[in-house]
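Here is a short briefing to read alongside the model on your screen. Could you open the viewer and keep the ligand in sight?

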Amino acid sequence: MKNPKIGVFGGNFDPFHYGHLNSMLSAAENFGFDEVRAVPAFISPLRVQTQGSTPTQRLEMLELGIRGHEDLIKVDRIEMDRGGVSYTIDTLTEYLSAKEKPDIFLIIGMDQFMKFDQWKRFDKILSEVDLVVTSRPGLELPYSMDDWPVSVRSMIADHDRHQAILKTGRTIHFFQLKDVEVSSTDIRKKIRLGQSIQTDVPPQVEEYVRTQKLYESVERRLGDFQKFTDYCAVVLNDKGGINVQSYDLRSQTAPTEFTLIASGTSTRHTAALAEHLIKEVKKDFGVWPESLEGQNEGRWVVVDYGSLIVHIFYDYVRQEYRLEELWTKIRK
Ligand code: ATP
């Protein structure tokens, strides 16, 4: 008996959308897969946690989204069950150890291929499975090797525009999809702005998002921002934040209404202050920030709660920027 040909499609699916479905169905048809495994990540390695849904909600949306295609697409909770940071190499290794010795094709979008050399053990992945790299709207397939991640280039034995044969014996296939102009980021944004997502996701996913009140603007959940600013100031103070100051920017042309500044005694302390604040807000208000920047370095961390932006500096760096001079202080 022939070894089964299996497509593997991982993602965050926050939320699942027609772009994901298009990619799995089109690749399966083109490459003749017996099965596609859709694998939601528990924690994606290259992503910070921002306002979104729980792992269980992402899994449920995926299960709803593939309805009608269950013969071909199997949702696999392997990374949910494993917990921790989800590395594709661990999942593939488990699949490859199966008795039926599957021939595996890992399907990824061009955005992921561009940073593929940041994936854990990408060289091992490329020696165990074939890669199917799909186009994404706005991201053409690579025209020449100059558009490839540098560390992957040295692995190539031969290539043309449609495929590259690797020295490992495996192949990277470049696959042009019919564009489906959608991303999870855009969908989350549309919901925050109160726009319709009807054309972006299957109806059952749309209903789920609506009834579970996912991705709503944090503004609506946080209510009075003056009070919320005070709350954050107390949290930072209690954790040893230095010189915690809040500013009301409503009378100024600023991208936010309130801002809060604090500093930490070291880059580690600064990152710890941000982490603590995010945890407390999540516990008491049930929201993650809309975005988070600078957490890895800990020199200047920006936590964005929409109408409140919190800047946490390593104190030494704070002296350099002197943002305070730009804003109206409302209280110490
Ligand atoms: P986000 O906007 O939050 O980054 P996303 O829309 O990229 O999310 P993911 O769950 O991160 O969705 O992506 C899973 C896989 O689906 C990735 O390999 C990604 O490249 C691919 N993908 C996502 N959207 C599309 C699309 N519109 N067309 C083709 N592939 C897509």
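The points below go through the ligand site, two helix pairs and two backbone details.

This is a predicted model. The ligand has 23 residues around it, and the protein covers 93% of the 600 Å² of accessible area that the ligand has on its own. Beyond the site, helix H2 packs with helix H9, and helix H11 packs with helix H12.

**Ligand site**

- Which residues come nearest to the ligand? They are Asn12, Asp111, Arg136, Ser184 and Thr185, out of the 23 residues around the ligand.
- The backbone of Asn12 offers a polar atom that is 2.9 Å from an oxygen atom of the ligand.
- A polar backbone atom of Ser184 is likewise paired with a ligand oxygen atom, here at 2.8 Å.
- Arg188 takes part through its side chain, where an N or O atom is 3.3 Å from an oxygen atom of the ligand.
- With the protein in place, 93% of the ligand's own accessible area of 600 Å² is covered.
- Two or more residues of the shell come from each of these elements: strand S1 (5-11), helix H1 (18-31), strand S4 (103-109), helix H5 (110-114) and helix H8 (184-192).
- By residue type, the shell holds twelve polar, seven nonpolar and four charged residues.

**Helix pairs**

- Two packed helices are described by the angle between their axes and the distance between the axes.
- Helix H2 (residues 55-65) and helix H9 (residues 203-211) have axes that come within 8 Å and cross at roughly 155 degrees. Angles over 145 degrees count as roughly antiparallel, so H2 is roughly antiparallel to H9.
- The handedness of the H2 and H9 crossing is right-handed.
- For helix H11 (residues 225-238) and helix H12 (residues 267-285), the axes are 10 Å apart and the packing angle is about 130 degrees. H11 and H12 are therefore oblique to each other.
- H11 and H12 also make a right-handed crossing.

**Backbone details**

- Where is Pro15? It lies in the loop between S1 and H1, and a cis peptide bond, with omega of about 5 degrees, joins Asp14 to Pro15.
- Arg121 is not a glycine, yet its phi is positive, at about 50 degrees. Look for Arg121 in the loop between H5 and helix H6 (122-128).

Technical notes: Residues are numbered from 1 along each chain as its sequence is written. This is a predicted model: local features need pLDDT of at least 70, side-chain atom pairs count only at pLDDT 80 or more; totals for chains, interfaces and linings use all residues. Side-chain values use heavy atoms; hydrogens and water are left out. A residue is near a molecule or strand if one of its heavy atoms lies within 4 Å of it. A polar contact is a pair of N or O atoms within 3.5 Å; within protein, one must be able to donate a hydrogen and the other to accept it, and residues adjacent in sequence count only if both atoms are side-chain atoms. Accessible areas come from the Shrake-Rupley method with a 1.4 Å probe; for residues, only the protein chains shown count as cover. Helices (H or I, at least four residues) and strands (E, at least two) are DSSP runs, numbered from the N terminus. Ala, Val, Leu, Ile, Met, Phe, Trp, Tyr, Cys and Pro count as nonpolar, Asp, Glu, Lys and Arg as charged, and the others, Gly among them, as polar. Axes are lines fitted to C-alpha atoms, for helices over the stretch in contact, and angles run from 0 to 180 degrees between N-to-C directions. Angles under 35 degrees count as roughly parallel, over 145 as roughly antiparallel, 65 to 115 as roughly perpendicular and the rest as oblique. A crossing is left-handed if the near helix is turned anticlockwise from the far one by less than a right angle, and right-handed if clockwise.
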